[in-house]
Number of protein chains: 2
Amino acid sequence: MNQEYPSTLLERAVKEFSKLPGIGRKTATRLVLHLLRKSEDEVESFSSAISTLKREATYCKECHCISDTDICPICANPLRDHSTICVVENIQDVMAVENTMQYRGVYHVLGGVISPMDGISPASLNIDSLVRRVSEGEVKEVVLALSSTMEGDTTNFYIYRKLQQHDVKLSVIARGISIGDELEYADEVTLGSSIVNRTPFIGKTI
Amino acid sequence: MNQEYPSTLLERAVKEFSKLPGIGRKTATRLVLHLLRKSEDEVESFSSAISTLKREATYCKECHCISDTDICPICANPLRDHSTICVVENIQDVMAVENTMQYRGVYHVLGGVISPMDGISPASLNIDSLVRRVSEGEVKEVVLALSSTMEGDTTNFYIYRKLQQHDVKLSVIARGISIGDELEYADEVTLGSSIVNRTPFIGKTI
């Protein structure tokens with residue numbers, strides 16, 4: 001008999017929830033007991049959503065984003081600009097850029113950034129397939145939208161070296177003061193970068 | 001095509017996770033994508049733990065705690081003191097009291113506290129079955145361990161009235177300064193209660 005959990009089924013469910021990032025044992029217990037108060041249909045819908053996703057979701061053969069089909073809706077959309085590829089780290093970043101509604105090109109999901117400390121080498125990322133897409137000739141611009149970290153910069157440089165011999169414009173998203181931020185609280189590197197990369201004033205800020 | 005989610009399967013899983021208390025859309029996405037990186041077996045184990053719990057877990061016929069069997073391990077344990085019943089609000093509270101390892105009696109889970117504002121009347125709680133357990137005559141003491149809120153106090157008083165005609169000792173867990181707390185930061189009601197209910201000093205504090 002387990003001293004702590006009155007039910008082994010409860011214990012098993014709590015253990016599974018505790019494996020999720022940021023979910024401790026107490027939160028896991030709260031979530032599981034919340035689910036337990038729901039109807040059987042609702043719980044079934046919850047658990048089947050997860051297992052169906054794992055079984056049926058696939059990755060787009062073009063951009064490696066998660067997709068229900070071989071080619072994701074963005075890559076399959078003829079209205080998107082297929083000559084511009086935005087390189088991002090993961091699927092969340094695709095969603096973040098999509099949410100801005102400022103980008104009409106396509107994407108390329110690397111699946112991470114180069115990080116020798118974590119054992120992530122260029123070979124374990126989707127870089128070769130990016131080079132292949134560019135070498136096919138239709139791509140005019142590659143926009144690097146990776147995190148502004150040492151790993152992100154390393155990856156940017158690696159991609160720059162790989163694409164050097166190709167006739168493609170390489171750009172990087174602007175680094176600068178966030179909208180709504182006050183100058184006095186910005187770090188010097190960001191503020192410096194936003195001064196160096198100042199843009200023409202066109203009568204409005206955004 | 002959904003603007004935001006590149007996959008409807010992903011969207012469905014995120015929606016299910018977002019229904020959980022305290023989990024927003026961003027956290028849900030992070031959790032789902034974390035699960036997606038796990039093996040199919042691990043994901044199956046996660047989703048089956050939840051649905052099995054809902055399908056198979058039952059509630060103890062004696063104390064209403066969650067259980068794998070008709071009678072929970074605590075109620076079925078002959079080494080526990082069946083003449084003392086600790087009345088708690090929910091299953092988490094059973095686990096909290098068990099963790100103290102200071103209690104060897106049995107429990108009674110009310111399933112909430114009386115709260116007319118939230119539509120919780122005495123009839124929707126497991127109070128009748130508590131009265132029935134007491135009226136069977138073997139119970140010597142009922143320990144009320146409900147939250148120290150107005151709803152908890154109301155419920156305590158309701159149970160007191162219901163058990164008045166029975167020959168049973170009714171006690172309530174001690175309210176006082178938490179161990180490790182400093183006196184100057186304690187609220188007056190708690191400090192006052194801990195002075196009124198002072199206990200004989202037996203050479204050590206805990």
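**Exercise 1.** Find which residues of helix 1 (residues 8–18) of chain A are buried, and say where around the axis they fall.

*Solution.* Start with the rules: helices are DSSP runs of H or I with at least four residues, strands are runs of E with at least two, and both are numbered from the N terminus. A residue is buried if 20 or more other C-beta atoms, placed from the backbone, lie within 10 Å of its own. This is a predicted model, where local features need pLDDT of at least 70, side-chain atom pairs need 80 or more, and totals for chains, interfaces and linings use all residues. Residues count from 1 along each chain as its sequence is written, with chains lettered from A and ligands numbered from 1 in written order.

Now the list: Leu9(A), Leu10(A), Ala13(A), Val14(A), Glu16(A) and Phe17(A). Seen down the axis, they fall within an arc of 160 degrees (taken from the directions from the axis to the C-beta atoms), so they line one face of the helix.

**Exercise 2.** What do those buried residues pack against?

*Solution.* Use contacts, meaning C-beta atoms within 7 Å. In chain A, the partner is helix 2; in chain B, the partners are helix 3 and strand 2 (66–67).

**Exercise 3.** At what angle do helix 2 (residues 25–36) of chain A and helix 3 (residues 40–56) of chain B pack?

*Solution.* Fit lines to the C-alpha atoms over the stretch in contact, and take the angle, from 0 to 180 degrees, between N-to-C directions. You get about 50 degrees, with the axes 10 Å apart. That makes the pair oblique (not under 35, over 145 or 65 to 115 degrees). Where they meet, Val32(A), Leu35(A) and Leu36(A) face Ile50(B), Leu53(B) and Lys54(B).

Methods: Two residues are in contact if their C-beta atoms, placed from the backbone, lie within 7 Å. A residue is buried if 20 or more other C-beta atoms lie within 10 Å of its own, exposed if 12 or fewer, and partly exposed in between; C-beta atoms are placed from the backbone.
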